[in-house]
Amino acid sequence: MAEIVELQRNSTNWVKVVDDIVRIEKKIFPKHESLARSFDEELKKKNSGLLYIPLGEDIAGYVMYSWPSSLSACITKLAVKENYRGKGHGEKLLKAAVQKCRTRNVHRISLHVDPTRTAAMQLYKKLGFQVDTLVEGYYSSDRNAYRMYLDFDME
């Protein structure tokens, strides 16, 4: 199985990785949902991280996460290129991001997902995420999202 890499701010391949991810972002997500324009700025924030799976010269997928407070974290993006789907990459990325967030001792990880993206919904539920509420008009006036969350028991 492919290795997960954390994008480091001082990485020599920062520009290439971000460019590749922006291309994936533009291909997978509608223009108004894409972070393509602001990806670089998002990643430079202190409280965010990005994990990706390099396969040769290609990037199979990536997950972006942030921890806006000491109590909660968010999965802001999870994407796997079409030709790499169904091979466990999304699950591996999500598990790794959840683990990164857990090291920050957060109580809850949340995310938003389009209810029609059944593969994504199944993955999140498989890893223990629960639907919190339906957010009407989240993506656009005619596209809603489920807000989902994963809580951790605090010792």
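In this predicted model, β5 pairs with strand β7 (residues 143-151) in the antiparallel sense. Six bridges join β5 and β7. Within this stretch of the fold, Ile109 stands opposite Leu150 in β7.

The pairing belongs to a wider sheet. Seven strands make up this open sheet, in the order β1-β2-β3-β4-β5-β7-β6. The pairing across the sheet is mixed. Its edge strands are β1 (5-6) and β6. Each of these two pairs on one side only.

Next, the helix α1. Helix α1 covers residues 14-28, 15 residues in total. From its first C-alpha to its last it reaches 21 Å. That is close to the 21 Å expected at 1.5 Å a residue. The buried residues of α1 are Trp14, Val17, Val18, Asp20, Ile21, Val22, Ile24, Glu25 and Ile28. Two acidic names, Asp20 and Glu25, are on that buried list.

Now the largest pocket. Its volume is about 1,000 Å³. The lining counts 36 residues. Closest to the pocket centre are Phe29, Leu78, Ala79, Ala120 and Tyr124. By class, the lining has 17 nonpolar, nine polar and ten charged residues.

Several elements contribute to this lining. β4 (72-80), α3 (89-102), β5 (108-113), α4 (118-126) and β6 (130-140) each supply at least two residues. β4 gives the most, with seven residues. In the sheet order, β4 sits between β3 and β5. The edge strand β6 is also among the elements that supply the lining.

Which residues are the nearest cysteine partners of Cys74 and Cys101, and how far away are their sulfurs? The table sets the two side by side.

| Cysteine | Nearest cysteine sulfur | Distance | Relative accessible area | Class |
|---|---|---|---|---|
| Cys74 | Cys101 | 8.3 Å | 21% | partly exposed |
| Cys101 | Cys74 | 8.3 Å | 1% | buried |

Each is the other's nearest cysteine, at 8.3 Å between sulfurs. A disulfide needs the two sulfur atoms within 2.5 Å, so a pair 8.3 Å apart does not count. Cys74 is in no disulfide, and neither is Cys101. The count for the model comes to zero disulfides.

Burial separates the two cysteines. Buried means under 20% relative accessible area, so Cys74, at 21%, counts as partly exposed. Cys101 is buried because its value is 1%.

Methods:
Residues are numbered from 1 along each chain as its sequence is written. This is a predicted model: local features need pLDDT of at least 70, side-chain atom pairs count only at pLDDT 80 or more; totals for chains, interfaces and linings use all residues. Side-chain values use heavy atoms; hydrogens and water are left out. On a 1 Å grid over the protein atoms alone, a cavity is a set of points where a 1.4 Å probe fits but cannot get out, and a pocket is an open set with protein on both sides within 12 Å along at least five of seven lines; lining residues have an atom within 4 Å of a point. Grid points are joined across faces, edges and corners, and a volume is the space filled by probe spheres set on the points. Helices (H or I, at least four residues) and strands (E, at least two) are DSSP runs, numbered from the N terminus. Ala, Val, Leu, Ile, Met, Phe, Trp, Tyr, Cys and Pro count as nonpolar, Asp, Glu, Lys and Arg as charged, and the others, Gly among them, as polar. The expected span of a helix is 1.5 Å times one less than its number of residues. Buried means under 20% relative accessible area, exposed over 50%, partly exposed in between (1.4 Å probe, protein chains only). Two strands pair if DSSP finds at least two bridges between them.
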